[in-house]
Amino acid sequence: MENKVLQAEEFVGERIDKFLSCRLEEVSRSYIQKLIKEGHVSVNGKPVKANYKLGAGDEISVEIPEAKEPDILPEDIPLDILYEDQDILVVNKPKGMVVHPAAGHYSGTLVNALMYHCKDSLSGINGVMRPGIVHRIDMDTTGSLLVCKNDEAHRILAEQLKEHTIRREYHAIVYGNIKEDTGTVDAPIGRHPTDRKKMSINHKNGKQAVTHYEVLERFGNFTYIRCRLETGRTHQIRVHMASLHHPLLGDEVYGPSSRPPFPGMKGQVLHAKILGIYHPATGEYMEFDAPLPQYFVDLLQKLRRKS
């Protein structure tokens, strides 16, 4: 059992669950809610609920139980491995693969595949359902995903995520013609006020989110762009580009309600191409480049022929 003791400091008046999401970025939001519900979070020695608001001088204690043996099963699913050593693994995730088990997806996930490939060599910091997972990408997003094989590597890389020293570059195709060659969206992202399954620009309750984008190619009604994340919020690129009225092509949540203009498309055209980290053991900067998936290459060729 790991025990963390925190002070309310400048978060006086803030909800305890939001405070912990800010202070414990290596722990997922859902896992924080689980810890609170199970009585592992106390303030001044007394368990609290998720809506408890912090007061001046409050001392917050968080018990993080040892990772339990996962109930999920290893599955022999092929992995496209970009890099692997005793500390980390970088995988090129295919379209349509869920990263970790959740309601409706308890098999066929990246975690199932990792458990088969890595056996017992996966970090346990994020709990039972997310062994090894430091960050995630959406089911229909492809590309580079970092996995940790031990807790020390996980802690170091989670800190790099928190400090924004990990380089994450995505390629995407969006609706419309972006006129400027480069730009930055600096707008906080949080849960949508009425649709809890969506994220949105949320100036009241959102977390800082910054996306830098650059036009790579224009096709009239569509634009091929590169995005560099300064932060890594849920659905960040999808929400930010939609806020500019240039939603991602194929995005069924933030894009237009009409059918995608290309038959057979499913999900947003978004690929995590470049991942740059400082190796947790050596400190050496390493960069990984996941090639564009074939569907993305084919789509670019179609757009070039039409433009």
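Where is His235 found, in terms of the elements on either side? Hi everyone, let's start right there: His235 sits in the loop between β13 and α5. What we have on screen is a predicted model, in which local features need pLDDT of at least 70 and side-chain atom pairs count only at pLDDT 80 or more, while totals for chains, interfaces and linings use all residues. Residues are numbered from 1 along each chain as its sequence is written, and side-chain values use heavy atoms, with hydrogens and water left out. When I say helix or strand, I mean DSSP runs numbered from the N terminus: H or I of at least four residues for helices, E of at least two for strands.

Back to His235. Its phi is positive, about 60 degrees, although the residue is not a glycine. Most residues other than glycine have a negative phi. His235 counts as buried because its relative accessibility is 17%; buried means under 20% relative accessible area, exposed over 50%, and partly exposed in between, with a 1.4 Å probe and protein chains only.

There is another histidine to set beside it. His164 has a positive phi near 60 degrees, and it lies in the loop between α4 (151-162) and β8. His164 is partly exposed because its relative accessible area is 36%.

Now step into α5, residues 236-243, where we meet Arg238. Is Arg238 buried or exposed? At 6% relative accessibility, Arg238 counts as buried. Its side chain makes a polar contact of 2.8 Å with the side chain of Asp251. A polar contact here is a pair of N or O atoms within 3.5 Å; within protein, one must be able to donate a hydrogen and the other to accept it, and residues adjacent in sequence count only if both atoms are side-chain atoms. Not counting residues up to four places away in sequence, Arg238 also touches residues including Asp138, Tyr254, Gln268 and Leu270, where contact means heavy atoms within 4.5 Å.

On to the nonpolar cores. A nonpolar core is a set of buried Ala, Val, Leu, Ile, Met, Phe, Trp, Tyr and Cys residues joined through side-chain atoms within 4.5 Å. The largest one has 31 residues, and those with the most contacts inside it are Leu114, Tyr170, Ile225, Ile237 and Met241. Among the elements that give two or more residues to this core are β6 (88-93), α3 (110-118), β13 (222-229) and α5. Which element gives the largest share of this core? That is α3, with five residues. Take Ile225 as an example: leaving aside neighbours within four places in sequence, its contacts include Tyr170, Val174, Leu216 and Met241. A second, separate core has 20 residues, including Ala8, Phe19, Leu20 and Ile36.

Let me stay with α3 for a moment. This helix is mostly covered, with seven of its nine residues buried; Leu114, Met115 and Cys118 are among them. The cover over those buried residues includes β6 and β7. At the N-terminal end, Thr109 caps the helix, with a side-chain oxygen 3.3 Å from the backbone nitrogen of Val111. After α3 comes Lys119, whose phi is positive, near 55 degrees.

Just before that helix, in the loop between β6 and α3, is Met97. Met97 counts as buried, at 8% relative accessibility. Leaving aside neighbours within four places in sequence, Met97 is in contact with Ile77, Gly108, Thr109, Leu110 and Met139.

Last stop, the empty space. A cavity here is a set of points, on a 1 Å grid over the protein atoms alone, where a 1.4 Å probe fits but cannot get out; lining residues have an atom within 4 Å of a point. Grid points are joined across faces, edges and corners, and a volume is the space filled by probe spheres set on the points. How many cavities of 30 Å³ or more are there? The count comes to one, and about 40 Å³ of space lies in the largest cavity. Its lining is His135, Ser144, Arg168, Glu169, Tyr170, Ala272, Lys273, Ile274 and Leu275. The elements giving two or more residues to that lining are β8 (167-175) and β14 (270-278), and β14 gives the most, with four residues.

Thanks, everyone, and I'm happy to take questions.

Terms used:
1 Å grid on protein atoms, 1.4 Å probe; cavity = no way out; pocket = protein on both sides within 12 Å on 5 of 7 lines; lining within 4 Å.
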